[in-house]
Amino acid sequence: MTFLLALCRVDDLPGCTLITLPDEIDLANGALLLDAVAAAVTSRLDRMGLLVLDLTGTAFMDSQGARLVGDVHRFLDGRVPLRVVAAPGGLPSRVLELTGIRRDVPVFGNLTEALPG
């Protein structure tokens, strides 16, 4: 387990890397989070089979959170599959729906569904 910039938690699990994002994602930390996620991906790219971003503990997220997910998706550029976990009915799930990110990135309602079987 690694903490990047004390912003997010990174766990290397069998078959995937899980990044747990903070309780708030907004203009104040969006760019820093992208840097942290990009660093985690870059250092693991040779052994990463799947990247899962966990938003289940994120209570507040504005459009910066959707931008983060979209930027991570573009950064991966098809090299690694990306999945997002967001509680149904929660603010992150609604933001991802309203911004259209869900069309490009699979969003799961819980971590068990998102992790590789």
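Me: What share of the 117 residues of the chain counts as buried?

Reply: Buried here means under 20% relative accessible area. In this predicted model, 47% of the 117 residues of the chain fall in that class.

Me: And the surface that is left, how much area does the chain expose, and what share comes from carbon and sulfur atoms?

Reply: About 6000 Å² is exposed, and carbon and sulfur atoms supply 55% of that.

Me: How do I judge the overall size? What radius of gyration would a compact globule have with 117 residues?

Reply: You set the chain against a rule for globules. For 117 residues the rule gives a value near 13 Å, and the chain has 13 Å, so the two agree. If you'd like box dimensions too, the C-alpha trace spans about 35 × 30 × 25 Å along its principal axes.

Me: Okay, now the fold. How many helices and strands are there, and in what order do the elements run?

Reply: Count four helices and eight strands. Reading from the N terminus, you get β-β-β-β-α-β-β-α-β-α-β-α.

Me: What share of the contacts joins residues 24 or more positions apart?

Reply: Take the contacts with a separation of 6 or more, then ask which of them link residues 24 or more positions apart: that's 68% in this chain. Val37 and Cys8 make a handy example of distance along the chain against distance in space: they sit 29 residues apart in sequence, with 8.4 Å between their C-alpha atoms.

Me: Where is Val37, and is it buried or exposed?

Reply: Look in helix α1. With a relative accessible area of 1%, Val37 is buried. Skipping residues up to four places away in sequence, Val37 touches Ile19, Leu21, Leu51, Leu53 and Val72.

Me: Val72 belongs to α2, right there in the list of buried residues. How do I check the length of helix α2?

Reply: Use the rise of 1.5 Å a residue. Helix α2 covers residues 63-76, and those 14 residues should span 20 Å; the end C-alpha atoms are 20 Å apart, so the helix matches the expectation.

Me: Which residues of α2 are buried, and what covers them?

Reply: The buried set is Gln64, Gly65, Ala66, Leu68, Val69, Gly70, Asp71, Val72 and Leu76. Their cover includes two helices, α1 (30-44) and α3 (91-99), along with the strands β4 (24-25), β5 (51-54), β6 (60-61) and β7 (82-85).

Me: What is unusual about the phi of Asp77?

Reply: The sign: Asp77 has a positive phi of about 50° although it isn't a glycine. You'll find Asp77 in the loop between α2 and β7. Its relative accessibility is 61%, so Asp77 counts as exposed.

Me: Let's try a strand residue. Where is Thr17, and what does it touch?

Reply: Thr17 lies in strand β3, residues 16-20. At 3% relative accessibility, Thr17 is buried. Beyond four places in sequence, its partners are Val10, Asp11, Asp12, Arg44, Met48, Leu50, Leu51 and Val52.

Me: And Ser93, buried or exposed?

Reply: Buried, because its relative accessibility is 9%, and the cut-off is under 20%. Ser93 is part of helix α3. Past its neighbours within four places, Ser93 contacts Ala86, Ala87, Pro88 and Arg102.

Me: Last one, charges. How far apart are the mean positions of the positive and negative charges?

Reply: Average the positions of each sign, then take the separation. With 10 positive and 14 negative charges in the chain, the two means are 4 Å apart.

Terms used:
Residues numbered from 1 in each chain as written. Predicted model: local features only at pLDDT ≥ 70, side-chain atom pairs only at ≥ 80, totals over all residues. Heavy atoms only, no water. Rg over C-alpha atoms; globule rule 2.2 N^0.38 Å. Buried < 20%, exposed > 50% of the residue type's maximum accessible area, 1.4 Å probe, protein only. Contact = heavy atoms within 4.5 Å. Areas by Shrake-Rupley, 256 points an atom, 1.4 Å probe, with all protein chains shown as cover. Lys, Arg positive; Asp, Glu negative; His and termini not counted. Charge placed at Lys NZ, Arg CZ, Asp CG, Glu CD. Expected span 1.5 Å × (residues − 1).
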